[in-house]
Amino acid sequence: MPVASLPSPYGVGTLGQAAREFVSFLVRSGQSHWQVLPVGPTGYGDSPYQSFSSFAGNPYFIDLDDLARDGLLLPLEYRFLSWGDDPGQVDYGLLYRQRFPVLRRAVARLQIKYPQSLAEFCRAQQGWLEPYARFMAFKDHFGGGPWSEWPDPIRRREPEAVEDLARTLAPQISFWKGVQYLFFRQWGALKAFANAQGISIIGDLPIYVSRDSADVWADPGQFQLDENLQPTEVAGCPPDGFTADGQLWGNPLFDWEGMAGDHYAWWMRRIAFQFTLYDVLRIDHFRGFDSYYAIPAGDKNARRGRWRPGPGIAFFHTLREALGDRPIIAEDLGFLTPSVHEMLAQTGYPGMKVLEFAFDSRDNGQNLYLPHNYPVNCIAYVGTHDNDTALGWVHTAHPEDVQVAREYLNLTPEEGENWGMMRGIWASPARYTIVQMQDVLGLGSQGRINTPSTTGDNWKWRATPGYLAPALAQRLHQMTKLYGRLRP
């Protein structure tokens, strides 16, 4: 359940009361984990996988009612603003216009009311917070454009020019630091609330970072950039049965050879920080550590890309030495080579199985995504944020494949085909199973979070007030118990 998809009167899901109510629903329904999408600040396209920072939190998720209870806002400063006409959809444009003036008032009071606590936070998070706050203040100063279009001395981070501009924009930089303090205070409180009730939070770490991010601007040496700080090649996926042109993500690629020279220190900091946010971490695009697809910068599609070697198992040996054994899920979907399978086996991490990939009428029961073929050491999903909902899949997939699913899972309208598909993974040997809240609610394609390689309609779905019906918790608890998956 993405944080953004929680209901609230203020345009987007937040870390406040609706999040606490969702945790309580998980407890009542016998669950043990809550998986979220990345919680970083989103940029162009509103994708949580294209963030302005690998470390910062999303300002939209700061709960305004909780700020009012803390004495940092007055209700009249936000309750009577327009936050959108459709409670089932996020209006990101309106959110961008309305949220920041409200947060400026809250931060102004924060600086007066809690100066010591704010200063301690800034000192503790200095390594990432100062570059991020400067990046955001500079971005506003230059009209919101990407850092690659800023004046050359700032783009290249010439020390004197950067310090001069930072002095000029000191109040704005302080604002962005205050916003992060508010996010992390609320996130810490929510995580403590969840953990106290036996709910662990699974986070999601995108393998790549956005080109227009504080990460790339502040530390360009970690990436494959030329002397003009332009990417030489960019990330994506090759053409396949779903997309003839492949997927052109456009993210800068890592300088893996250079990173190996300091034992992947940037990555170790990044992952260590994620474990201050989450109890379990899903690493996106795991196969990219074995080999990654590199597309010439400037290409309009992914057809001319080439596979290049990644750091391989050496990266994960370094990770274990630096951070010890951590609970990590490997997102091992897509085209996998024997070397990827070998790397996954050597790490010991559980991979992912997606039920919606299982039903191909030509497979004769050999498809590895069929539940009877699951290993114990895996995490099973009906679908992920990149897939349709269960009912959406039933109504849009190839009819012959849907018929295979109906026969295999004994799907019936009386049970609800969404419940039958969830039952399919609950009954599997998989150590953990994760279902989308939209499938528990029985939503069709209107509940889909993301359609890859498209823009405009993604990341918008929201649950509406009253969605956590007691009967729903009771049925989910009953099914969880039936298949021996109740939390201890």
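In the predicted model, S53 is buried, its relative accessible area being 6%. The residue belongs to the loop that runs between β1 (33-35) and α2 (64-69), and its side chain reaches the backbone nitrogen of A56 at a distance of 3.0 Å. When neighbours within four places in sequence are set aside, the contacts of S53 are with P41, Y132, S213 and D215.

The loop between β1 and α2 also holds L37, which has a relative accessible area of 12% and is therefore classed as buried, the limit being under 20%. In sequence L37 and M1 are separated by 36 residues, whereas their C-alpha atoms are 7.7 Å apart in space. Apart from neighbours within four places in sequence, L37 is in contact with P2, P48, Y49, D204, H385, I449 and W459.

One of these partners of L37, H385, is located in the loop between β10 and α14. With a relative accessibility of 10%, H385 likewise counts as buried. A polar contact of 3.1 Å joins the side chain of H385 to the side chain of Y49, and Y49 is in turn among the residues that L37 contacts. Once residues up to four places away in sequence are excluded, H385 touches L37, Y49, D204, R282, Q436, I449, N450 and W459. Y49, D204, I449 and W459 thus appear in the contact list of H385 and also in that of L37.

At the level of the whole chain, the secondary structure amounts to 18 helices and 11 strands. The radius of gyration of the chain is 23 Å, close to the 23 Å given by the globule rule for 488 residues, so the chain is as compact as a globular protein of that length. The C-alpha trace spans about 70 × 55 × 40 Å along its principal axes. Of the 488 residues, 56% count as buried, and the chain exposes about 20900 Å², of which carbon and sulfur atoms supply 52%. Among the contacts in the chain with a separation of 6 or more, 73% are accounted for by residues 24 or more positions apart.

Within this arrangement, an open sheet of 4 strands follows the order β4-β3-β6-β7, and its pairing is antiparallel. The edges are occupied by β4 (247-252) and β7 (306-309), each of which has a single partner strand, so that one side of each is left without a neighbour in the sheet. From one strand to the next, the twist averages 50°. Strands of a sheet pair through backbone hydrogen bonds, in either a parallel or an antiparallel sense. Between β6 (residues 291-296) and β7, the antiparallel pairing extends over 4 bridges, and Y292 is placed opposite R308 in β7.

Two loop residues are marked by their backbone geometry. Most residues other than glycine have a negative phi. L229, although not a glycine, has a positive phi of about 65°; this residue is placed in the loop between α9 (214-218) and β3 (233-237), and at 14% relative accessibility L229 counts as buried. The phi of H285 is also positive in a residue other than glycine, with a value near 55°. H285 lies in the loop between β5 (280-283) and β6, and a relative accessible area of 8% places H285 in the buried class.

Among the helices, α16 (residues 417-426) is mostly covered, with 10 of its 10 residues buried. The buried set comprises E417, N418, W419, G420, M421, M422, R423, G424, I425 and W426. Packing partners of these buried residues are the strands β10 (378-381) and β11 (432-434), together with the helices α14 (390-396), α15 (399-409), α17 (437-440) and α18 (470-482). Two of these elements, β10 and α14, are also those between which the loop containing H385 lies.

Definitions and conventions. Residues numbered from 1 in each chain as written. Predicted model: local features only at pLDDT ≥ 70, side-chain atom pairs only at ≥ 80, totals over all residues. Heavy atoms only, no water. Helix = DSSP H or I, 4+ residues; strand = E, 2+ residues; numbered from the N terminus. Buried < 20%, exposed > 50% of the residue type's maximum accessible area, 1.4 Å probe, protein only. Polar contact = N/O pair within 3.5 Å; in protein donor to acceptor, adjacent residues only side chain to side chain. Contact = heavy atoms within 4.5 Å. Pairing = 2+ DSSP bridges. Axes fitted to C-alpha atoms, helices over the stretch in contact; angles between N-to-C directions. Rg over C-alpha atoms; globule rule 2.2 N^0.38 Å. Areas by Shrake-Rupley, 256 points an atom, 1.4 Å probe, with all protein chains shown as cover.
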